[in-house]
Amino acid sequence: MIDKKEIFFRKATLEDTNSIFLANKKLIDDYENISQIDYEKVLDWVHKKIQTKIDEYTVLMYRDDIVGFFRLNVQPDVNELDDLYLFEQYRNQGLGTYLIQKCIEQSDKNLILYVFIKNQAAIKLYQRLGFKIVQNIKNSRYIMEYQK
């Protein structure tokens with residue numbers, strides 16, 4: 001079991017860009033309706049977003065290992081939890097719950113996130129933590145919201 005005392009957060013650096021991109025690509029490959037999107041255009045957009053917003057990403061560390069990452073996009077009316085990803089070997093150990101609870105605690109506004117409809121494990125986690133589905137986007141993703 002993971003000792004939460006050994007978990008810490010650090011700011012992402014340019015060296016993390018490729019790791020974050022590959023995780024995003026895996027989510028798209030696993031959960032998106034690939035035949036309904038311009039795949040290369042989407043990947044290009046994702047890569048550019050990560051590169052230009054890398055200073056907004058946070059890396060979750062356990063001891064010396066990168067466990068996952070996320071981006072907290074602070075907006076005027078709401079904060080968006082974006083690109084949340086935990087590497088598979090660290091799932092189902094309470095880290096996702098821990099990370100999301102920390103984001104909820106630190107957010108002074110409602111918190112929203114986008115999740116692929118096919119990612120039922122993530123949806124169940126978010127619902128268990130108080131998020132509600134507020135919008136369906138093209139039968140591909142939900143917008144979920146946690147109200148403060």
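# Rings, a pocket and a few odd loops

Ring pairs tie F9, F70 and Y98 together into a cluster. That's one piece of a predicted model, and the structure holds eight aromatic pairs in total. The protein averages a pLDDT of 94, and 100% of the residues score at least 70. Here's a quick tour, starting with the rings and moving on to the pocket and the loops.

**Aromatic pairs**

- Take Y31 and F116: their ring centres are 6.2 Å apart and their planes sit at 25°, so this pair counts as stacked, the cut-off being under 30 degrees.
- This pair links distant parts of the chain, with Y31 in helix α1 (residues 17-31) and F116 in strand β5 (residues 111-116), 85 residues apart.
- Are the two partners buried or exposed? Y31 is partly exposed, with a relative accessible area of 22%, while F116 comes in at 9% and counts as buried.
- Y85 and F87 make an edge-to-face pair, with 5.4 Å from centre to centre and 80° between the planes.
- Both Y85 and F87 are buried.
- Y85 has a charged partner too: the charged end of R91 sits over the Y85 ring, 5.2 Å from the ring's centre.

**The largest pocket**

- The largest pocket has a volume of about 1300 Å³.
- Which residues lie closest to its centre? Out of 43 lining residues, they are L27, Y114, V115, F116 and N119.
- So F116 turns up twice in this tour, once in the stacked pair with Y31 and once among the residues closest to the pocket centre.
- Six elements give two or more residues each to the lining: α1, α2 (39-53), β4 (79-86), α3, β5 and α4.
- Strand β4 supplies the largest share of that lining, with seven residues.

**Two buried loop residues**

- N119 is found in the loop between β5 and α4 (120-128).
- With 14% relative accessibility, N119 counts as buried, since the limit for that is under 20%.
- Setting aside residues up to four places away in sequence, N119 touches L27 and Y31.
- E32 belongs to the loop between α1 and α2, and with a relative accessible area of 11% E32 is buried as well.
- Apart from its neighbours within four places in sequence, E32 is in contact with L27, I37, F116, K118, S140 and R141.
- L27 is a name to remember here: L27 is in contact with E32, is touched by N119 and is listed among the residues closest to the pocket centre.

**Two loop residues with positive phi**

- Most residues other than glycine have a negative phi.
- R63 goes the other way, with a positive phi near 55°.
- You'll find R63 in the loop between β2 (57-62) and β3 (65-74), where R63 is partly exposed at a relative accessible area of 46%.
- N92 isn't a glycine either, yet N92 has a positive phi of about 60°.
- The loop that holds N92 runs between β4 and α3.
- Is N92 buried or exposed? At 84% relative accessibility, N92 counts as exposed.

**Where the confidence varies**

- Confidence is lowest in helix α3 (residues 95-106), with a mean of 90.
- Strand β7 (residues 141-146) is at the other end, with the highest confidence at 98.

Terms used: Residues are numbered from 1 along each chain as its sequence is written. This is a predicted model: local features need pLDDT of at least 70, side-chain atom pairs count only at pLDDT 80 or more; totals for chains, interfaces and linings use all residues. Side-chain values use heavy atoms; hydrogens and water are left out. Rings of Phe, Tyr and Trp (its six-membered ring) pair if their centres lie within 6.5 Å; planes under 30 degrees apart count as stacked, over 60 as edge-to-face and the rest as tilted. Helices (H or I, at least four residues) and strands (E, at least two) are DSSP runs, numbered from the N terminus. Buried means under 20% relative accessible area, exposed over 50%, partly exposed in between (1.4 Å probe, protein chains only). A charge sits over a ring if NZ of Lys or CZ of Arg is within 6 Å of the ring centre and within 35 degrees of the ring normal. pLDDT is the predictor's confidence in each residue, from 0 to 100. Contact means heavy atoms within 4.5 Å. On a 1 Å grid over the protein atoms alone, a cavity is a set of points where a 1.4 Å probe fits but cannot get out, and a pocket is an open set with protein on both sides within 12 Å along at least five of seven lines; lining residues have an atom within 4 Å of a point. Grid points are joined across faces, edges and corners, and a volume is the space filled by probe spheres set on the points.
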